[in-house]
Amino acid sequence: MNCMNNPAARRFMWHLAITMVLYVAFLVLALVIFIHYRPTGPLAWLLAVLPALPVIGQLAVCGLYLAEEKDEFLRNLQIQAMLWGIGATLAVTTVWGFLENFAQVPHLYLYVVYPLFWFFVGISTPLLKARYK
Amino acid sequence: MKNRLRVLRAERNWSQADLAERLEVSRQSVNAIETGKYDPSLPLAFKLARLFETTIEAIFSDENG
C-alpha cells in the first residue's frame with residue numbers, strides 16, 4: 001500500500017489482484033447468463049449478488065492488511081486515508097441524494113459508491129503523505 | 001514532540017534507512033518521527049530506547065516540559 005518493500009503490503013497487493021480478477025470473472029459470468037438465459041427467482045438473485053462478493057472480499061483484504069501491517073506509521077496513514085475516503089463519500093452521496101430529490105440531477109447508482117470511496121482514498125493518500133514529509 | 005533522534009543517529013553514523021532497518025519500519029516512519037510530525041507508540045519508543053541503549057526520556061521530550 002504505502003511501502004511495497006514490506007510483506008504485509010505485498011500480500012495486500014496480491015489479495016487485491018485476486019479479488020479484481022474474481023470481480024471481472026463473476027461480472028462477465030453474470031452478464032453472459034443474464035443475456036442468454038434470462039434467469040428469474042433465486043438464481044437471478046444469486047447471480048446479481050455474485051459480482052459484489054469479490055468487492056466485499058476487497059474490504060476484508062483491507063482489514064487484513066491493517067491487521068498485518070507492522071509499521072504503525074504506515075498503518076496510521078492508511079487508516080487516515082480511509083477515514084477521509086469514508087467521510088468524502090458520505091458527504092458527496094448525501095449532497096447528491098438531495099440534489100436528486102430537489103434539483104433533478106441524474107440518478108447515482110449505488111454501486112458507484114464503492115469506486116467513489118477508493119477515488120477519495122486515492123486523492124487523500126498523497127496529501128496525507130505530504131503532511132508528514 | 002521534540003526528539004534527539006537525528007543526533008543519536010549521527011553519533012552512530014546511521015542513515016534514516018539504517019535506523020529504519022534496525023527498527024523494522026519504513027524510512028518514512030523514521031523521518032516522520034524524527035521531524036516530530038508523528039509520535040511513536042510506547043512499544044516503538046521502547047524499541048528506540050533499547051536500540052540506542054538509553055531511556056525514552058533521553059530521546060523524547062514533551063514540548064511543554
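1. Helices α1(A) and α3(A) run roughly antiparallel to each other in this predicted model, because the angle between them is about 175° and angles over 145 degrees count as roughly antiparallel. Helix α1 covers residues 7–37 of chain A and helix α3 covers residues 52–68 of chain A, and their axes are 9 Å apart.

2. Which residues make the contact between α1(A) and α3(A)? From α1(A) come A8(A), R11(A), F12(A), H15(A), L16(A), T19(A), L22(A), Y23(A) and F26(A), while α3(A) supplies L53(A), P54(A), V55(A), G57(A), Q58(A), V61(A), L64(A), Y65(A) and E68(A). Sorted by class, the residues of this contact of α1(A) with α3(A) comprise 12 nonpolar, 4 polar and 2 charged.

3. On a broader scale, chain A falls into domain 1, spanning 1–70, and domain 2, spanning 71–133. The C-alpha centres of these two domains of chain A are 20 Å apart, and the contact between them draws 8 residues from domain 1 and 7 residues from domain 2. On the domain 1 side of chain A, the residues that touch domain 2 are 4 nonpolar, 2 polar and 2 charged.

4. A reader new to the model may wish to know how far the predictor trusts chain A, whose average pLDDT is 92, with 96% of the residues scoring at least 70. Where in chain A is confidence lowest, and where is it highest? The lowest value belongs to α1(A), with a mean of 93, and the highest to helix α4 of chain A (residues 72–103), at 96. As a general caution, predicted coordinates should not be read in detail where pLDDT is low.

5. The contact between the two chains involves 10 residues from chain B and 8 residues from chain A. On the chain B side, the largest share, 3 residues, is provided by helix α3 of chain B, which covers residues 27–34. By class, the residues of chain B that touch chain A are 4 nonpolar, 4 polar and 2 charged.

6. Two residues deserve a look for their backbone angles. R38(A), which lies in the loop between α1 and α2 (41–49) of chain A, has a phi near 40°, a positive value in a residue other than glycine. R38(A) counts as exposed because it has 8 C-beta neighbours inside 10 Å, where the limit for that class is 12 or fewer.

7. The second is E24(B), in the loop between α2 (16–23) and α3 of chain B, where phi is positive at about 60° although the residue is not a glycine. Is E24(B) buried or exposed? E24(B) has 12 C-beta neighbours inside 10 Å and therefore counts as exposed.

8. L83(A) sits in helix α4 of chain A and counts as exposed, with 12 C-beta neighbours inside 10 Å. How far apart are the C-alpha atoms of L83(A) and L53(A)? They are separated by 23 Å, and the two residues are 30 residues apart along the chain; L53(A) is also one of the residues of α3(A) that make the contact with α1(A).

9. D39(B) is placed in the loop between α3 and α4 (42–51) of chain B, and D39(B) is exposed, having 12 other C-beta atoms within 10 Å. Between D39(B) and T55(B) there is a separation of 16 residues in sequence, and their C-alpha atoms lie 16 Å apart in space.

Notes
Residues numbered from 1 in each chain as written. Chains lettered and ligands numbered in written order. Predicted model: local features only at pLDDT ≥ 70, side-chain atom pairs only at ≥ 80, totals over all residues. Domains from an automatic or database assignment. Nonpolar A, V, L, I, M, F, W, Y, C, P; charged D, E, K, R; others polar. Axes fitted to C-alpha atoms, helices over the stretch in contact; angles between N-to-C directions. Helix = DSSP H or I, 4+ residues; strand = E, 2+ residues; numbered from the N terminus. Parallel < 35°, antiparallel > 145°, perpendicular 65-115°, else oblique. pLDDT = per-residue confidence, 0-100. Buried ≥ 20, exposed ≤ 12 C-beta atoms within 10 Å, placed from the backbone.
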